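Here is a quick look at one sheet, the helices that sit against it, and one more helix elsewhere in the chain. Have the structure open while you read.

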Amino acid sequence: MSQYTDQLGRTVMQLHAPQRIVSLVPSLTELLYTLQLEQEVVGITRFCIHPSHWRQQKANIGGTKQVHVQQVQALQPHLVIASKEENIKEQVEDISSFAAVWVSDINNYHQALDAILSIGEMCNKQQAALQLVTHIQQQFAEISTVEQPMSAAYLIWKDPYMTVGGDTFIHDMMQRCGLQNIFSHCTRYPTTTVEELQQSSCQVVILSSEPYPFREKHLADLQQQLPGKKIILANGEMFSWYGSRMLQAPAYFIGLLQRLQQG
């Protein structure tokens, strides 16, 4: 019997390395793939889009906030990977009655790396997880320190506009990208308005591709309303997906900064 602690401080008991895994977290589904757990993963959510071929091969157990608990139970998982932020507490508790559940709580870079190592240990992929973390650290070290970070607002939703506070993973990625979050004094995901952005000191407004799918038409509309600020579209996965997607984020951030500096 092995005993692990998840990121909520909960004890997770396992008889052996899990042979049947269900993931309720899209970014951690991709991590499981990177750790070469192709055979072990049996169920994923409909939002688990990476790797794409798993969508046809693995059982679909609903959405991240609409998990079909009975379908999860039918898969007889040895381990379920969940998230404090992305999944519903009551559903996670229901699943905990019949399976070991490890819950992530990731609000910054270091917690993301800890999650990778923890999942690697539970799944008997310690060496692969350590190599992944080392590679991520090397990639992030390539980002040059910005002496004067550009002030920015990162929008994740429309009607109402929602942004990110200083206690989020996205905020940490913004900082590492060389952007100063003007909503860093807020918590979680506060609402904002065009009027507030007009009056703010932010130089850049970032429109994320997820969870709201901002497009060029939204950029054009906001640019008219915010003529003194630079509006850009960004790949939300690079800012909000922890796990193996973090390998790609530094190069993306470097390119984004170059675009912004070129005006």
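Take alanine 153: its bridge partner in E12 is valine 205. That bridge belongs to the pairing of strand E8 (residues 150-155) with strand E12 (residues 204-208), which runs in the parallel sense over 4 bridges. Bear in mind that this is a predicted model.

Zoom out and you get an open sheet of 4 strands, ordered E10-E8-E12-E13 and paired in parallel. Which strands sit at the edges? They are E10 (179-181) and E13 (230-234), each pairing on one side only. Ignoring direction, neighbouring strands of this sheet are turned by 40° against each other on average.

Two helices that pack on the sheet are listed here, each with the angle between its direction and that of one edge strand.

| Helix | Residues | Strands touched | Angle |
|---|---|---|---|
| H7 | 169-177 | E8 and E10 | about 145° with E10 |
| H9 | 216-225 | E8, E12 and E13 | about 165° with E13 |

So much for the sheet; now for helix H11. Spanning residues 249-261, H11 has 13 residues and reaches 18 Å from its first C-alpha to its last, close to the 18 Å expected at 1.5 Å a residue. Which of its residues are buried? In H11 these are Ala249, Pro250, Phe253, Leu256, Leu257 and Leu260. They cover an arc of only 120° around the axis, so they lie on the same side of H11. The spacing fits a simple rule: an α-helix has 3.6 residues a turn, so residues three or four places apart point the same way.

Methods:
Residues numbered from 1 in each chain as written. Predicted model: local features only at pLDDT ≥ 70, side-chain atom pairs only at ≥ 80, totals over all residues. Heavy atoms only, no water. Expected span 1.5 Å × (residues − 1). Buried < 20%, exposed > 50% of the residue type's maximum accessible area, 1.4 Å probe, protein only. Arc of directions from axis to C-beta. Pairing = 2+ DSSP bridges. Axes fitted to C-alpha atoms, helices over the stretch in contact; angles between N-to-C directions. Contact = heavy atoms within 4.5 Å.
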